[in-house]
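Q: Please take a close look at one part of this structure, the metal site. I would like one connected account of what surrounds it.

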Amino acid sequence: MQSTPKSNRLQIGIFGRRNVGKSALMNALTRQQVSIVSDVAGTTTDPVEKPMELLPLGPVLFIDTAGVDDEGFLGGQRIERTRKIFERADIGIVVSEGHNWNKYEDDLLAELQKRSIPAIVVFNKSDLTSPDEKLLKRLQDCKISTVNTVATNGAGILDLRTALIAAVPVEYLDAPTIIGDLVKSGELAVLVVPIDKEAPKGRLILPQVQTIRDLLDSDAGCIVVKERELRAALNNLKKPPAVVVTDSQAFLKVAADTPDDVPMTSFSILFARYKGDLTEYIAGTRAIDRLKPGDNVLIAEACTHHPIADDIGRVKIPRWLTQYVGGQLNFTHYQGHDFPQDLSRYQLVIQCGSCMLNRREALSRIWYCKQAGVPVTNYGLTIAWTLGIFERATAPFINK
Ligand SMILES: Nc1nc2c(ncn2[C@@H]2O[C@H](COP(=O)(O)OP(=O)(O)OP(=O)(O)O)[C@@H](O)[C@H]2O)c(=O)[nH]1
Ligand code: SF4
Ligand SMILES: [Mg+2]
């Protein structure tokens, strides 16, 4: 259970001013002392995460944040770390002491609502204090559920769990499949996984593993080969596979070895749809043709590994794009959860497959790009475009 990737868990952010009992609440919800509780305001400085199973929902991740009321809502490092949690929270809990609700709490709620994140208001320390009727009526009018708790003795925690389950967004429950709709039950997919110096020792990477799992969930089968073995593997099959999926780095060889009537795409393009918005990314990819030498391109990679010699994000994509544009471009790289809010200086944003991000965070990034009017695409689509196989690699998704 604990090994479900973070990116596949429903993420629940706990927000509120200092000392209202956020950490005590997280401990009560998870029934563990994971976050330090103290009467010193400002105890939690970095977000604290705790994965658990919230039945009947399944794996969730609670994120206790630092209270930030002392520094205003935006600005400052602690605030920046808390702000990042807004990018990935699927549900937001706003914790307040009932008598002390003012603009700060209204701003927290507004931030959640702006991003369409379902919000629950928790009036904690209800043994000591309670909200006034006017506030309760106002929240009720906005259809925001409220729960009274005493985090230190567990009162109301069951009600909060019930409210959380009721608040789960439909998009989360209806998250798109990775590949299940491209391969019918009983059919076969061929997955091409180069084992080069970028491949981690002794294992496959998350997008590959998750694609295999999705095929099994869809009652389909798969064979996994390196690019050199693809042709022989296809020849050995009695019937052509429903689809060939390759690592983008082997795109050209795989396109050449896969018969034209067999659909072909890449893991990264599968993830463009699963973790992002394929329509938005496809439109963004076309903007590559408008790039000029000297333009600024942001490359965002959700892994935090040290770049290696022929790194895809640091070396290969910049090289292919530079060749395609016919002149130098300025590349800026962001890793992990880092992503700038001000995108105005960029002419293009290229996101990796985002397997380490939850869908909400990947969609937040697309949202920021749209707000700034900056085209956004992903690794696989960019590579397909620069190699001239974009139409073929996106054809399996057209009319899906
Ligand atoms: N009486 C009472 N005290 C509580 C309750 N919940 C938390 N406390 C106390 O309030 C103080 C602050 O609790 P924390 O959980 O550390 O508060 P926090 O919101 O995480 O604070 P920061 O990390 O500083 O932002 C501690 O002394 C807790 O024991 C409650 O429901 N009732
Ligand atoms: S986070 Fe991005 S770069 Fe890292 S494995 Fe997943 S898709 Fe690839
Ligand atoms: Mg705390």
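A: What follows describes the magnesium site and the residues that bind there. This is a predicted model, in which local features need pLDDT of at least 70 and side-chain atom pairs count only at pLDDT 80 or more, while totals for chains, interfaces and linings use all residues. Residues are numbered from 1 along each chain as its sequence is written, chains are lettered from A and ligands numbered from 1 in the order in which they are written, and side-chain values use heavy atoms, with hydrogens and water left out.

The magnesium ion (ligand 3) is held at 2.0 to 2.1 Å by OG of Ser23 and OG1 of Thr44. Donors here are N, O and S atoms within 2.8 Å of the metal (3.2 Å for Na, K and Ca); because water is not among the atoms, sites may look incomplete. The two residues come from distant parts of the chain, 21 residues apart. Serine 23 sits in helix α1 (residues 22-30), and threonine 44 in the loop between α1 and β2 (48-54). Helices (H or I, at least four residues) and strands (E, at least two) are DSSP runs, numbered from the N terminus.

Serine 23 is buried, at a relative accessible area of 9%. Threonine 44 also counts as buried, at 12% relative accessibility. Buried means under 20% relative accessible area, exposed over 50%, and partly exposed in between (1.4 Å probe, protein chains only).

After strand β2, the loop between β2 and β3 (58-64) contains proline 56. A cis peptide bond joins leucine 55 to proline 56, with omega about 5°. Most peptide bonds are trans.
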